[in-house]
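Subject: Structure for your review

Dear colleague,

Please find the structure below, followed by an account of what was found in it. I would be grateful if you would read the two side by side.

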Amino acid sequence: MHKVSVTVLGSGSCGNSILVSSEDTVMIDAGLSCKELERRMSAVGADPASVDALFLTHEHTDHTRGALRFCSKYEVPVHGTDGTLSLTPLNGVRTVPISTKHAVTVGSVTARPFPVRHFAAEPVAFTLQVRGRKIAIASDLGCVTPRVVDDMGSADIMLVEANYDDEMLMSGPYPDFLKRTIRSDHGHLCNEDAGVLVSKAASENTDRIVLLHLSKENNTPEKAREAVRKGVESGGHRPQIAVTEHGGMNGPFDLR
Ligand SMILES: [Zn+2]
Ligand SMILES: [Zn+2]
């Protein structure tokens, strides 16, 4: 029997990618170069040739940088919304349009895209159902909408953006327009909002929270962990919290 495991290959503005493997393997985003994806996969014993599908959340290069080369080399179909596919260089690669109205099945993996409000053409986040386990992957969220909470509800493992600490962002070196964009409903999620999201979405099923996309300038792993721990414990749950450092890998996390 195949176990289900989730590995963060990269996180943060320098490149995001997550691998979910069971008897079938899917990659969510490919924001590292092809070479770096190969290197990081081999570090955890994963075979690039085993990837059955790539799912893109949105077109920003920190999520798509290696998509063309990796998917050409390993003949991997790329799933994305029309908005994402039209703005991502994917010449010669097989593309599969997806929408938030329909689930997509790749072997034993059922992916359900749901809309998010990030500043991109048609961004989505995903839940994946694999062997009865539910995996929620939600980064570059903009804000927490009821739809986001609903779709992520009761996942066994939640991978969630905790981009910035609000005080650090406001007192930090970014120009005002950038601070405003990041804090807007179409920007990124702060630590407190990540805590609110998991406190609303977690249930007794939720074993683990993995924090993603931490800003190098405007956050620390300690602040992110503490804010999210407070949030989730206020909801009466005590899942394990793993923080992915800027630029780092995390996992593999095996789902029991
Ligand atoms: Zn983005
Ligand atoms: Zn991003």
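**Findings**

P146 is located in helix α5, which comprises residues 146-152. Please note that the model is a predicted one. P146 counts as exposed, because it has 8 C-beta neighbours inside 10 Å, where 12 or fewer is the limit for that class. Its C-alpha atom is separated by 9.5 Å from that of L197, although the two residues are 51 apart along the chain.

The sheet is described next. It is an open sheet of seven strands with mixed pairing, in the order β7-β8-β9-β10-β11-β12-β13. At its edges are β7 (104-106) and β13 (240-243), each of which pairs on one side only. From one strand to the next, the twist averages 20°. Helix α8 (residues 191-201) packs on this sheet, where it touches β11 (157-161) and β12 (208-212). The direction of α8 makes about 155° with that of β11.

As to the pairing of individual strands, β9 (residues 124-130) and β10 (residues 133-138) run antiparallel and are joined by five bridges. Within this pair, V130 has R133 of β10 as its bridge partner. By contrast, β11 and β12 pair in the parallel sense, over five bridges, with I157 opposite R208 in β12. The pairing of β12 with β13 is also in the parallel sense and extends over four bridges; here I209 stands opposite I241 in β13. Strand β12 is largely enclosed by the rest of the structure, because four of its five residues are buried.

Helix α9 merits separate mention. Together with β12 and β13 it makes a right-handed β-α-β unit. Helix α9 (residues 221-234) lies across these two strands and runs at about 155° to β13. Its 14 residues should span 20 Å at 1.5 Å a residue, and this agrees with the 20 Å between its end C-alpha atoms.

Which residues of α9 are buried? They are K223, A224, A227, V228, G231 and V232. These residues cover an arc of only 150° around the axis and therefore lie on the same side of α9. An α-helix has 3.6 residues a turn, so residues three or four places apart point the same way. Among the elements that cover the buried residues of α9 are α8, β12 and β13. Just after α9, G236 takes a positive phi of about 85°.

Yours sincerely

Key:
Residues numbered from 1 in each chain as written. Chains lettered and ligands numbered in written order. Predicted model: local features only at pLDDT ≥ 70, side-chain atom pairs only at ≥ 80, totals over all residues. Buried ≥ 20, exposed ≤ 12 C-beta atoms within 10 Å, placed from the backbone. Pairing = 2+ DSSP bridges. Axes fitted to C-alpha atoms, helices over the stretch in contact; angles between N-to-C directions. Contact = placed C-beta atoms within 7 Å. Expected span 1.5 Å × (residues − 1). Arc of directions from axis to C-beta. Right-handed = clockwise from strand over helix to strand, strands pointing away.
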